[in-house]
Amino acid sequence: MAPSSKETEKQRWDRNFADLLQELRVAQTGVQILFAFLLTLPFSSGFPKATAFQKDVYMVALISAAFATALIISPVAFHRALFRQGRKPELVRYSHRMATGGLACMLVSMVSSVLLITDYVLHARWAVILTVVAAGWFLTFWAILPITHRNWGEDEDKDGFVLDDTPAAVSSGTGADRDA
């Protein structure tokens, strides 16, 4: 839903927080499934055969998944603590940082999990190659593309569509009033 050009600052902060929570719902499900898998892994029959290196990688994956879970869920707890105090701008800013940190921890956990499984199943050389490819894939879509395309919305794309949904972009096509 595109914001109205008559959107108040309070409405914008409310929309930003609602958008953030929607994004976190997706990440939360993924990190919870990964965390649950990692919690059960030591109880599987093959885990005692893991090497010391694999167990170290497992610990990195487990702890980073725990940190990711805490950070991705923390905006909800933060909201509860600040409920009805009129501090939505602060809530949105800190929740954004928590979500970003959670995604970074999730990246570490996912890449570590790939290394753990590929090292267990394949030769070490292939495990490293596939893990580097997976890390590059995540970094491309989670960091490089978003960072290199932060100016989307300042121009129209080749089809003439404005790529930013902020009020200024909707009304003028400039994207000057950025709220992301």
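The legends below describe four close-up views of a predicted model.

Local features require pLDDT of at least 70 and side-chain atom pairs pLDDT 80 or more, whereas totals for chains, interfaces and linings use all residues. Residues are numbered from 1 along each chain as its sequence is written, and side-chain values use heavy atoms, with hydrogens and water left out.

**View 1. A nonpolar surface patch of about 810 Å².** The patch is made by Phe37, Ile117, Tyr120, Val121, Leu122, Trp126, Ile129, Leu130 and Val133. Patches consist of residues with over 30% relative accessible area and no salt bridge, like charges being joined within 9 Å and nonpolar side chains (Val, Leu, Ile, Met, Phe, Trp, Tyr) within 5 Å. Areas follow the Shrake-Rupley method with a 1.4 Å probe, and for residues only the protein chains shown count as cover. A salt bridge is a side-chain nitrogen of Lys or Arg within 4 Å of a carboxyl oxygen of Asp or Glu. Helix 3 (88-121) and helix 4 (124-148) each supply at least two patch residues; helices are DSSP runs of H or I with at least four residues, strands are runs of E with at least two, and both are numbered from the N terminus. Helix 4 gives the largest share, four residues. Ile129 is found in helix 4 and is partly exposed, at a relative accessible area of 38% (buried means under 20%, exposed over 50%, partly exposed in between; 1.4 Å probe, protein chains only).

**View 2. Surroundings of serine 95 in helix 3.** Serine 95 counts as buried because its relative accessibility is 0%. Setting aside residues up to four places away in sequence, serine 95 touches Phe17, Leu20, Pro75 and Phe78, where contact means heavy atoms within 4.5 Å. The C-alpha atoms of serine 95 and isoleucine 72 are separated by 8.7 Å, the two residues being 23 apart along the chain.

**View 3. An aromatic pair in helix 4, phenylalanine 138 and tryptophan 142.** Rings of Phe, Tyr and Trp (its six-membered ring) pair if their centres lie within 6.5 Å; planes under 30 degrees apart are stacked, over 60 edge-to-face and the rest tilted. The count by this rule is four aromatic pairs. The ring centres of phenylalanine 138 and tryptophan 142 are 5.1 Å apart with planes at 70 degrees, so this pair is edge-to-face. The partners are four residues apart, about one turn of the helix. Phenylalanine 138 is buried at 17% relative accessibility, whereas tryptophan 142 is partly exposed at 35%.

**View 4. Spans annotated "transmembrane region" in an unreviewed UniProt entry.** The record places this feature at residues 24-45, 57-78, 99-118 and 124-145; positions are in the numbering used here, feature names are shortened, and annotations may be inferred rather than shown by experiment. Residues 24-45 are 77% helix and 0% strand, with end C-alpha atoms 34 Å apart. Residues 99-118 are 100% helix and 0% strand, and their end C-alpha atoms lie 28 Å apart.
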